Amino acid sequence: AKTKSNVFAKLSRAVAGKSKVDDEVLDNLEEVLVTSDVGIDTTLRIIDRIEKRVARDKYINTAELNAILKEEIAALLAENNKETEADFEAALTKKPYVIMVVGVNGVGKTTTIGKLAYQFKKAGKKVYLGAADTFRAAAVEQLVIWGERVGVPVVKQQMGSDPASVAFDTLTSATSNDADVVIIDTAGRLHNKVNLMNELTKIKNVMQKVVPDAPHEVLLVLDGSTGQNAFEQAKQFTKATHVTALAITKLDGTAKGGVVIGISDQFHIPVRYIGLGEKMEDLQLFDREQFVETLFEQQ
Amino acid sequence: MFENLSDRLERSFKILKGQGTITEINVAETLKEIRKALIEADVNYKVAKTFTDDVKKKALGQNVLTSLQPGQLMVKIVHDELAQLMGGSSVDINLKGSPAVILMSGLQGSGKTTFSGKLANLLKSKRGKNPLLVACDIYRPAAIEQLKVIGGQINVPVYAEEGNMNAVQIAQHAVKFAKQNNHDLVIIDTAGRLAIDEQMMNEIANIKAAIQPQEILFVVDSMTGQDAVNTAKEFNERLNFDGVILTKLDGDTRGGAALSIRSVVTKPIKFVGTGEKMDALDTFYPERMADRILGMGDIVSFVERA
Ligand SMILES: Nc1nc2c(ncn2[C@@H]2O[C@H](COP(=O)(O)OP(=O)(O)OP(=O)(O)O)[C@@H](O)[C@H]2O)c(=O)[nH]1
Ligand SMILES: Nc1nc2c(ncn2[C@@H]2O[C@H](COP(=O)(O)OP(=O)(O)OP(=O)(O)O)[C@@H](O)[C@H]2O)c(=O)[nH]1
Ligand SMILES: [Mg+2]
Ligand SMILES: [Mg+2]
């Protein structure tokens, strides 16, 4: 179980009774942020904001400093669009609501799709899955098993077939069967591979032949233990597919996933979901305050 | 993100330029920039600190009134130190034993199953081995099927027991099967697991105890950030692994995790993964990795311009 670390205590001792944040505080803060994968640039920006706030507000007791810290970091995380799809129970804006899931290899795309299908289904929605990873060994079987586990249909073709064609089929079936949500799995691909990135654009275009404004959501899955390379992932996937939301997986481990703070801020993409395990229940809606809270916790 | 490294060093080298020796004062700015560059390359915060402290010790007092510019000298010191930390000559896989048994370990999605196939393929075609792949991931949906597809691609048989939920037993049976069927090499794929998952870490420790593998490999994603040190340390404490496999280096990550891992566990990095196909692996070159982490391409070209 996670326990509160002494980070805040340490920070507090260093600032108690002072009207300026001194180097010791800043060094501690830098260490906490950097070791959570926040990255140097974002860390320096956060520190800068804190200094300005402190200078202006002339505090300061411990509780105030903690609050300021959390506020300033949370402010960098893009706001989720409240009235739409964040809540599984909420009515979806489109029917079918099409979600395309993308990301580099092994981050947890297929598993996240299984978990999402479970949540949407539990909320009473009719879900269709599309197995458009036709490349990785047994990728189709993996999604099919998730479909069986959750109890939702999976549209598939042979291994090696055109992923865009699978996506087309999936939307066609979903539309004629009155589905509420369609989730398309795609093969993992590194963002520096131009051909593979172009393939995503093509999948997207082909989907629009069935549902003109699809996909309504492009979910980029980031592995919570990934470091600064996640920036480049966000940049390149956004370029190829216009990413609309992020999911951060594997936060049940010791990694903090701090890199998303800078990403969310720079690309104005909200974090929508977090993955906390390998079971179908292990998905949560992203909660900014809670996320920031856990940044300052140690194992 | 890294493009400005040269600019930064340029700034800091200005201070060094025209100075006879490297001193505490004139080198401070350069060291700060190098530390930042390391952190941006995902080298662990503490490791980066220790590293720059060591570099400072090496650099202090060095006479720069030679043909080398002070900037060049610093770059050389940093590069040599990094390459040395990465490990000298490459270390081979231990194939003694009949059969030789290799056990894979690592976090979820790091590339264990793919690498199991690549290694079987390599040792079969280059060393004339007769490998057996073993499916000990009994949890992930279609994990067994994935290994079977891979085995099919490279023509290597896969030992699996569908429905058996005892990975230790499967591993034991597989070794027995290998002996009976003249397989001189057994490669055991295992489920991905978190270092803090007591139950799963016990499982793999029990597999180790039961079959005493010649070689335990820790497979790690080269894009891993600050947490790489914790994971490597935990896995090493439980398994005392023999080597590290760094995957997905065909991406554009700097791969600082490699340095972090080297400095906390001092185990050799034996192979790197460079793609999804079965022939996409390479031996590990410490010098290249050092260059990659520091973005040496950028720095060297800058120093040449300067
Ligand atoms: N601990 C933990 N493991 C996870 C989580 N999400 C996914 N995984 C595991 O990570 C591994 C990879 O997950 P996949 O869903 O296959 O990842 P993917 O992105 O679809 O992979 P590719 O299709 O090969 O690119 C599997 O072992 C999953 O069980 C999570 O939130 N926590
Ligand atoms: N680009 C690239 N992809 C790789 C490499 N190695 C593995 N992959 C991909 O990474 C993803 C995960 O690989 P797996 O071999 O399934 O990883 P794993 O460690 O067995 O995953 P779990 O069993 O779920 O823990 C797959 O999409 C692989 O194709 C590599 O070197 N380069
Ligand atoms: Mg997948
Ligand atoms: Mg596997």
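**A buried threonine and a ligand between two chains**

Guide: In this predicted model, the side chain of A:Thr134 reaches the backbone oxygen of A:Ser161 at 2.7 Å.

Visitor: What makes that a polar contact?

Guide: The cut-off for a pair of N or O atoms is 3.5 Å. The side chain of A:Thr134 comes to 2.7 Å from the backbone oxygen of A:Ser161, so the pair is within that limit.

Visitor: Why is A:Thr134 called buried?

Guide: Buried means under 20% relative accessible area. A:Thr134 has 8%, so the word fits.

Visitor: Where along chain A does A:Thr134 sit, and what does it touch beyond its neighbours in sequence?

Guide: Look in the loop between strand S3 (127–132) and helix H6 (139–150). Leaving aside neighbours within four places in sequence, A:Thr134 is in contact with residues including A:Gln158, A:Met159, A:Pro163 and A:Val166.

Visitor: Now the ligand. Where does ligand 1 lie?

Guide: Between chains A and B. Helix H5 (residues 109–122) of chain A gives the most to its shell, with 4 residues.

Visitor: How do you know that A:Arg136 makes a polar contact with ligand 1?

Guide: An N or O atom in the side chain of A:Arg136 is 2.8 Å from an oxygen atom of ligand 1. The limit is 3.5 Å, so this pair counts. A backbone N or O atom of A:Gly277 lies 3.2 Å from a ligand oxygen atom, so that pair passes too.

Visitor: How much of ligand 1 does the protein bury?

Guide: Taken alone, ligand 1 exposes 650 Å², and the protein buries 96% of that.

Definitions and conventions:
Residues are numbered from 1 along each chain as its sequence is written. Chains are lettered from A and ligands numbered from 1 in the order in which they are written. This is a predicted model: local features need pLDDT of at least 70, side-chain atom pairs count only at pLDDT 80 or more; totals for chains, interfaces and linings use all residues. Side-chain values use heavy atoms; hydrogens and water are left out. Helices (H or I, at least four residues) and strands (E, at least two) are DSSP runs, numbered from the N terminus. Buried means under 20% relative accessible area, exposed over 50%, partly exposed in between (1.4 Å probe, protein chains only). A polar contact is a pair of N or O atoms within 3.5 Å; within protein, one must be able to donate a hydrogen and the other to accept it, and residues adjacent in sequence count only if both atoms are side-chain atoms. Contact means heavy atoms within 4.5 Å. A residue is near a molecule or strand if one of its heavy atoms lies within 4 Å of it. Accessible areas come from the Shrake-Rupley method with a 1.4 Å probe; for residues, only the protein chains shown count as cover.
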